[in-house]
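Please take a moment with the sequence and the model before reading on. The paragraphs below go through the structure step by step, beginning with one side chain and widening from there.

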Amino acid sequence: IEPTLSRGIVAAKPGLLGSTPFDNYLHTDAKIHPGNNGGPLVDHRGRVVGIATTLGSGQASSGYVVPINLAKKIIADIQRHGKVLRSWLGVIVQNRAHTTDRILEGVKQEAGLHGVIVENIVVASPAYKASLQVGDIIMAIDEEEVIDFNGLQRIMASQNKDHKVTAKV
């Protein structure tokens, strides 16, 4: 097999494609197909910034790239534990943008309020032990803003399983 090289530019920073909250891919205009799937995406200095993948089968398509920091975490988890470990809070939430008037009753409507509203808490979970309450709005984790449910899951997934996070509620 001959080595190949595709070139292109990163067309978009990490973005959600909708299949899972963890599919936070870079998008490149390099054509990716089964013959060059899985190779590194490098920057102009030769540093690996991601691992190329396709999100379909057959024909060449626009490239999607798993960011290198996520790939490193996944690789380390598999090497150490034989599986990918995910941190969790133990909350069931609803995106602020999708809440109903019933849920928002009594919640102070401040300009710029963002986050997710806690609808339920899993007993004996980290959220339960931290005394989170139904109706709380999780606005940040370790000073990183929580905009929506997918963002909360990505933030938590990037944490070390044993790391204790600080939530702004």
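**A lysine and its helix**

In this predicted model, the side chain of Lys-73 places a polar atom 3.1 Å from the backbone oxygen of Leu-85. The side chain of Lys-73 also makes a polar contact with the side chain of Asp-77, at 2.8 Å. Lys-73 belongs to helix α1, which covers residues 68-81, and with a relative accessible area of 18% this lysine is buried, because the limit for that class is under 20%. Beyond its neighbours within four places in sequence, Lys-73 is in contact with Leu-85, Ala-157, Ser-158 and Gln-159. A related distance can be followed along the chain: Lys-73 and Val-84 are eleven residues apart, and their C-alpha atoms are separated by 8.3 Å.

Helix α1 itself has 14 residues and reaches 20 Å from its first C-alpha to its last, which is close to the 20 Å expected at 1.5 Å a residue. Its buried residues are Ile-68, Ala-71, Lys-73, Ala-76 and Asp-77, so that Lys-73 and Asp-77, the two partners of the polar contact described above, both appear in this list, as the 18% of Lys-73 would lead one to expect. Just after α1, Gly-82 takes a positive phi of about 80°.

**The chain as a whole**

With this helix in mind, the reader may step back to the whole chain, which has four helices and eleven strands. Of its 169 residues, 34% count as buried, and the accessible surface comes to about 11,200 Å², of which 53% belongs to carbon and sulfur atoms. Among the contacts with a separation of 6 or more, 48% are between residues 24 or more positions apart.

**The nonpolar core**

Which residues have the most contacts inside the largest nonpolar core? This core has 14 residues, and those with the most contacts inside it are Leu-89, Val-91, Ile-138, Ile-141, Val-146 and Leu-152. Strand β6 (91-95), strand β7 and helix α4 (149-157) each supply at least two residues of this core. Val-91 offers a view of the surroundings, for, not counting residues up to four places away in sequence, it touches Val-118, Asn-120, Ile-121, Ala-127, Leu-132, Ile-138 and Leu-152.

**From β7 to helix α3 and beyond**

Leu-89, one of the core residues just named, also leads to a polar side chain, since its backbone oxygen lies 3.4 Å from a polar atom of the side chain of Ser-125. The side chain of Ser-125 reaches the backbone oxygen of Gly-90 as well, again at 3.4 Å. Ser-125 is placed in the loop between β7 (116-121) and α3, and, at 0% relative accessibility, Ser-125 counts as buried. Apart from residues up to four places away in sequence, Ser-125 touches Trp-88, Leu-89 and Gly-90.

Helix α3 follows, with residues 126-129, and Tyr-128 is found in it. Is Tyr-128 buried or exposed, or does it fall in between? With a relative accessible area of 47%, Tyr-128 is partly exposed, because that class lies between the 20% limit for buried and the 50% limit for exposed. Tyr-128 and Leu-89 are 39 residues apart in sequence, and their C-alpha atoms are 8.5 Å apart in space. In the loop between α3 and β8 (137-138) lies Ser-131, which has a positive phi of about 65° although it is not a glycine.

**A sheet of three strands**

Further along the chain, three strands form an open sheet in the order β10-β9-β11, with antiparallel pairing. Strands β10 (144-145) and β11 (167-168) stand at the edges, each with a single partner strand, so one side of each is left without a neighbour in the sheet. Strands of a sheet pair through backbone hydrogen bonds, either parallel or antiparallel. Here two bridges join strand β9 (residues 140-141) to β11, and Ala-140 has Lys-168 as its bridge partner in β11.

The loop between β9 and β10 holds Asp-142, a residue that has a positive phi of about 50° although it is not a glycine. Asp-142 is partly exposed, with a relative accessible area of 30%.

Technical notes:
Residues numbered from 1 in each chain as written. Predicted model: local features only at pLDDT ≥ 70, side-chain atom pairs only at ≥ 80, totals over all residues. Heavy atoms only, no water. Buried < 20%, exposed > 50% of the residue type's maximum accessible area, 1.4 Å probe, protein only. Contact = heavy atoms within 4.5 Å. Polar contact = N/O pair within 3.5 Å; in protein donor to acceptor, adjacent residues only side chain to side chain. Areas by Shrake-Rupley, 256 points an atom, 1.4 Å probe, with all protein chains shown as cover. Expected span 1.5 Å × (residues − 1). Pairing = 2+ DSSP bridges. Core = buried A, V, L, I, M, F, W, Y, C linked by side-chain atoms within 4.5 Å.
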